[in-house]
Amino acid sequence: MTSRITVNNIESNSGIASIALDTGVTIAEGSGLNVSGVVTATTFKGGAEITSGTAAFSGNVSVGGVLTYEDVTNVDS
């Protein structure tokens, strides 16, 4: 039997800095997820769009497709 809880907003209590979700959380396709701050995941499936700010990666990064860039002054190849 599967349980289901549907909410339109989750907020942490005053003084609590984060909300922890257990493993296996799924965001329904088309519903989206907006996050501010740090996101940590062991795997990520799907598309991502960074509209502002900086994306930082540690370790190897693979691009399966076309990588485009603008305003590049230094490239270490």
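**Pockets and overall form**

Reader: Which residues line the second largest pocket, and what makes them lining residues?

Author: V61, S62, V63, V66, L67, T68 and Y69 line the second largest pocket. On a 1 Å grid over the protein atoms alone, a pocket is an open set of points where a 1.4 Å probe fits, with protein on both sides within 12 Å along at least five of seven lines, and lining residues have an atom within 4 Å of a point. This is a predicted model: local features need pLDDT of at least 70, side-chain atom pairs count only at pLDDT 80 or more, and totals for chains, interfaces and linings use all residues. Residues are numbered from 1 along each chain as its sequence is written, and side-chain values use heavy atoms, without hydrogens and water.

Reader: How is the lining of the second largest pocket divided into nonpolar, polar and charged?

Author: The lining has 5 nonpolar, 2 polar and no charged residues. Val, Leu and Tyr count as nonpolar, so V61, V63, V66, L67 and Y69 belong to that class.

Reader: What volume has the largest pocket, and which residues lie nearest its centre?

Author: The largest pocket has a volume of about 3000 Å³ (the space filled by probe spheres set on the points). It is lined by 45 residues, with I27, L33, V35, V39 and F44 nearest its centre.

Reader: How do you know whether the protein matches a compact globule?

Author: The rule, 2.2 Å times the number of residues to the power 0.38, over C-alpha atoms, gives near 11 Å for 77 residues, but the protein has 17 Å.
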